[in-house]
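Biologist: Could you walk me through this model? I would like to start with the inside and then move to the outside.

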Amino acid sequence: MLATPHTAMGVLIATKISNPWLALPLAFLSHFALDLVPHWDFFSFRDEIGTKEKLKVVADFLVGLSLGMFFTLRALPDQRQAAIIFFSCALANLPDAVEAPYIFLGYKNRFIDWMIKFQHRLHSRLRYPWGLVPQILLLALCFALLL
């Protein structure tokens, strides 16, 4: 799944569950739950990712980051709520972020290799463009519940 829907779910969890001891683990676990939903991402049906796709990954990351920061800053001056939103967004994307050294630098260690294999088993993939539909619906649902 793209980073932006993971971030939107992190925001939704953080804004609806004010207890960080519950919100933060749920945000992290939401990553794996969302990856079970059939979807398309830049790595679907590919063994390698080229420079063009890497730029798209960065663009998706920046959109997700902007979304997370928007809601984090919107929570201010409530610093506690802003922190919960920020860390929920980060945790909702953490499993994919662990793979970044391999994707961008070709660096892999035992933990990164394990995470890649673990996530690969969880992913339910659809081909483009149909694999974007569940993500668009998820974003619409998150925004409907947030606004």
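Modeller: We can go through the core, then the surface, then the salt bridges, keeping in mind that this is a predicted model.

Biologist: Okay, which residues touch the most other members in the largest nonpolar core?

Modeller: That core has 20 residues, and the ones touching the most other members are Met 9, Val 11, Phe 71, Ile 85, Leu 138 and Cys 142. The elements that give two or more residues to this core are α1, α2, α3, α4 and α7, and the largest share, six residues, comes from α1.

Biologist: And what is Leu 138 in contact with, leaving aside its neighbours within four places in sequence?

Modeller: With those neighbours set aside, Leu 138 is in contact with Met 1, Pro 5, Met 9 and Leu 34. Apart from the largest core lies another core, made of six residues, and among them are Leu 2, Phe 42, Ile 49 and Ile 103.

Biologist: Let's go outside. Which residues make the nonpolar surface patch?

Modeller: The patch, of about 680 Å², is made by Val 58, Phe 61, Leu 62, Leu 65, Phe 104, Leu 105 and Tyr 107. Two elements, α3 and α5, give two or more residues to the patch, and α3 provides the largest share, with four residues.

Biologist: Take Leu 62 from that patch: where is Leu 62 found?

Modeller: Leu 62 is found in helix α3, and this residue is partly exposed, with a relative accessible area of 44%.

Biologist: New topic: how many salt bridges does a search of the whole structure find?

Modeller: The search finds three salt bridges. In one of them, the side chains of Arg 125 and Asp 41 meet at 3.1 Å, N to O.

Biologist: Which parts does that pair tie together?

Modeller: Arg 125 lies in the loop between α6 and α7, whereas Asp 41 lies in the loop between α2 and α3, so the pair ties together parts that are 84 residues apart in sequence.

Biologist: Is Asp 41 buried or exposed?

Modeller: Asp 41 is buried, with a relative accessible area of 4%, while its partner Arg 125 is partly exposed, at 24%.

Biologist: Which residues do salt bridges that share partners join into one network?

Modeller: Asp 113 meets Lys 108 in a salt bridge of 3.4 Å, N to O, and Asp 113 also meets Lys 117 in a salt bridge of 3.2 Å, N to O. Asp 113 and Lys 117 are separated by about one helical turn, because they are four residues apart in helix α6. Through these shared partners, Lys 108, Asp 113 and Lys 117 are joined into one network.

Note on methods:
Residues numbered from 1 in each chain as written. Predicted model: local features only at pLDDT ≥ 70, side-chain atom pairs only at ≥ 80, totals over all residues. Heavy atoms only, no water. Core = buried A, V, L, I, M, F, W, Y, C linked by side-chain atoms within 4.5 Å. Buried < 20%, exposed > 50% of the residue type's maximum accessible area, 1.4 Å probe, protein only. Contact = heavy atoms within 4.5 Å. Patch = residues over 30% accessible without salt bridge, like charges linked within 9 Å, V, L, I, M, F, W, Y side chains within 5 Å. Areas by Shrake-Rupley, 256 points an atom, 1.4 Å probe, with all protein chains shown as cover. Salt bridge = Lys/Arg side-chain N within 4 Å of Asp/Glu carboxyl O.
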